[in-house]
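Biologist: Please show me the model, and then let us go through how its charged contacts are classified.

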Amino acid sequence: MATYKREDLRRVSFTNLDEHCDEGIVYELCLQFGRIQNISWPTEVNLNGMPQRASRCYVDFENAEDAKYCFEALYRARIKLFNKELRVFHASTELAQGGAAGSQRSGAVVVGLHEVGAKVVVRNIDYRVTEFDVTRFFESFGQFAAPPRMLRDSVGNFRGVVVLSYKTFEASDRVIRDMDQKVFRDRVISVHYALMEDGSGRLHGTKEERANAALIREEEKRYREMVAKEMAVMRQERQQNRVQDASWAEKVNVYNHLRR
């Protein structure tokens, strides 16, 4: 997994754009997800040696959370522009960052937006356990980034292997330290980091993933602080508006009406 800069986490890449698309259309599409800082649209040289607009562009948001929100919404919606399906990419997915924008590594798959790589695999679990049993026990080590995934065979039988994805590496380190080669439901289980999904053969829990997780937590903290500050300003403005709306009542003398 590559190490991403803060600018990468704020950027959403679009490919497979029709020639009729322009900055205005992309701006209106992305503005609903957050404030946009910049839109970059590179040019390419065609076979005739003439420059032309590329079929890809990059949208930079002001914060990473809005960029992730934009990616998640548009990726799931599978929208079309001018009858061409829009392809959306973000740095929080297992996508190639080198070469052409949006090109995907061989064997790579999209990783959940809230998964930081703190993913472990638990083997030799009793076949009779349920998802409730697994969740109830292993969530005591930390909060999950995604529900536990119980691997099953072609007919749906549990294979005794569970993949757990935690929100923090502290939780994944803890479950490996406390449960590897320990007894769970009368069976000795093994717990270690799972293989990465990019086909490289490396295991999760690398220094790069931990650095990325710290960066994402920092961005999320800044975003929450920004939202809290904006909400406080809105509440203050709402309170001031209430006071102004009721200011006319101070000029009314109720006792004068009673004397009449």
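Modeller: A search of the whole structure finds 10 salt bridges. This is a predicted model, in which local features need pLDDT of at least 70 and side-chain atom pairs count only at pLDDT 80 or more, while totals for chains, interfaces and linings use all residues. Residues are numbered from 1 along each chain as its sequence is written, and side-chain values use heavy atoms, with hydrogens and water left out.

Biologist: Why is the contact of Arg53 and Glu23 called a salt bridge?

Modeller: The term requires a side-chain nitrogen of Lys or Arg within 4 Å of a carboxyl oxygen of Asp or Glu. Arg53 and Glu23 meet at 3.3 Å, N to O, so the pair satisfies the definition.

Biologist: What makes this pair a tie between separate parts of the sequence?

Modeller: Arg53 belongs to strand 4 (residues 51-53) and Glu23 to helix 2 (residues 23-31), so the salt bridge ties together parts that are 30 residues apart in sequence. Helices (H or I, at least four residues) and strands (E, at least two) are DSSP runs, numbered from the N terminus.

Biologist: Glu85 and Arg78 also form a salt bridge, at 3.0 Å, N to O. How do you know whether Arg78 is buried or exposed?

Modeller: Buried means under 20% relative accessible area, exposed over 50%, and partly exposed in between (1.4 Å probe, protein chains only). Arg78 has 52%, and is therefore exposed. Glu85, at 30%, is partly exposed.

Biologist: Why is Arg53 classed as it is?

Modeller: Its relative accessible area is 40%, so Arg53 counts as partly exposed. Glu23, with 33%, is likewise partly exposed.
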